[in-house]
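User: I am new to this structure. Please walk me through it with short questions and answers.

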Amino acid sequence: MRTPGTGAARWARAGLLALLTVLISVGGHALAGGMVTLSMPLLVGGVALGALCVAAADVRRSFAEILGVVLLDQPVLHLLASMGSHGHSHGSSGTLSLGAGMVLAHVGAALAVSALLADAERAFWTMAGLMRPV
């Protein structure tokens, strides 16, 4: 491995961040009592998030950077999910309602996963540096 910022390692790191960000959104939604179904807008949003994560995975990212991605994507993914077939769970008017439970579920999960990913990121880059030829 040359560096975690290139090749398969870059794709794996980006894929993990994108996957966990989408799972946090869907999981937080479900835990707060929202109905969850896969929809085309949510899938397209997940793919777009994956592409952005690959672009950003060229260097080691800090907790704040990872948390920023995860937190900023929560309302976007929530909105995309509401555009799909489960939009009726937000009311027939099509408005996006976020109760306190839903917001807390999203934020709590985002904090926990971001802390774990930041530690994993640090460990991965450290191991890559130790394995690099002298």
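Analyst: First a definition: buried means under 20% relative accessible area, exposed means over 50%, and partly exposed lies in between (1.4 Å probe, protein chains only). This is a predicted model, where local features need pLDDT of at least 70, side-chain atom pairs count only at pLDDT 80 or more, and totals for chains, interfaces and linings use all residues. Residues are numbered from 1 along each chain as its sequence is written, and side-chain values use heavy atoms, with hydrogens and water left out.

User: What is the mean pLDDT of the chain, and where is the pLDDT below 50?

Analyst: pLDDT is the predictor's confidence in each residue, from 0 to 100. 83% of the residues reach 70 or more, and the chain mean is 81. The pLDDT is below 50 over a stretch that has 14 contacts (heavy atoms within 4.5 Å) beyond near neighbours in sequence. That stretch is residues 86-95.

User: What does helix α4 reach from its first C-alpha to its last?

Analyst: Helices are DSSP runs of H or I with at least four residues, numbered from the N terminus. Helix α4 covers residues 100-131, which is 32 residues. The expected span is 1.5 Å times one less than the number of residues, and for α4 that is 46 Å. The model is close to this, with a reach of 46 Å.

User: Which residue of α4 forms a salt bridge with Arg 13?

Analyst: A salt bridge puts a side-chain nitrogen of Lys or Arg within 4 Å of a carboxyl oxygen of Asp or Glu. In this pair the closest N and O atoms are 2.7 Å apart. The pair links distant parts of the chain, 108 residues apart, with Arg 13 in helix α1 (residues 7-31) and its partner in helix α4. The partner is Glu 121.

User: Is Glu 121 buried or exposed?

Analyst: Its partner Arg 13 has a relative accessible area of 13%, so Arg 13 is buried. Glu 121 has 9% relative accessibility. Glu 121 therefore counts as buried.

User: Why are Asp 119 and Arg 122 separated by about one helical turn?

Analyst: Their side chains meet in a salt bridge, at 2.4 Å from N to O. Asp 119 is partly exposed, because its relative accessible area is 41%. Arg 122 is partly exposed too, at 40%. Both lie in helix α4, and the turn follows because they are three residues apart.

User: How many salt bridges does the structure hold, and which residues do shared partners join into one network?

Analyst: The structure holds four salt bridges. In one of them, Asp 58 meets Arg 61 at 3.2 Å, N to O. Salt bridges that share partners make one network, and its members are Asp 58, Arg 61 and Glu 65.

User: Which helix gives the most to the nonpolar patch?

Analyst: Patches use residues with over 30% relative accessible area and no salt bridge; nonpolar side chains (Val, Leu, Ile, Met, Phe, Trp, Tyr) are joined within 5 Å, like charges within 9 Å. Here Phe 63, Leu 71, Val 103, Val 107 and Leu 111 form the patch, with about 350 Å² of accessible area together (Shrake-Rupley method, 1.4 Å probe, only the protein chains shown counting as cover). α3 (63-83) and α4 each supply at least two of its residues. The most, three residues, comes from α4.

User: Which residues does Asp 73 touch, not counting residues up to four places away in sequence?

Analyst: Asp 73 lies in helix α3. With a relative accessible area of 17%, Asp 73 is buried. Thr 21 is 52 residues away in sequence, yet 7.4 Å away in space, C-alpha to C-alpha. The residues touched are Thr 21 and Leu 49.
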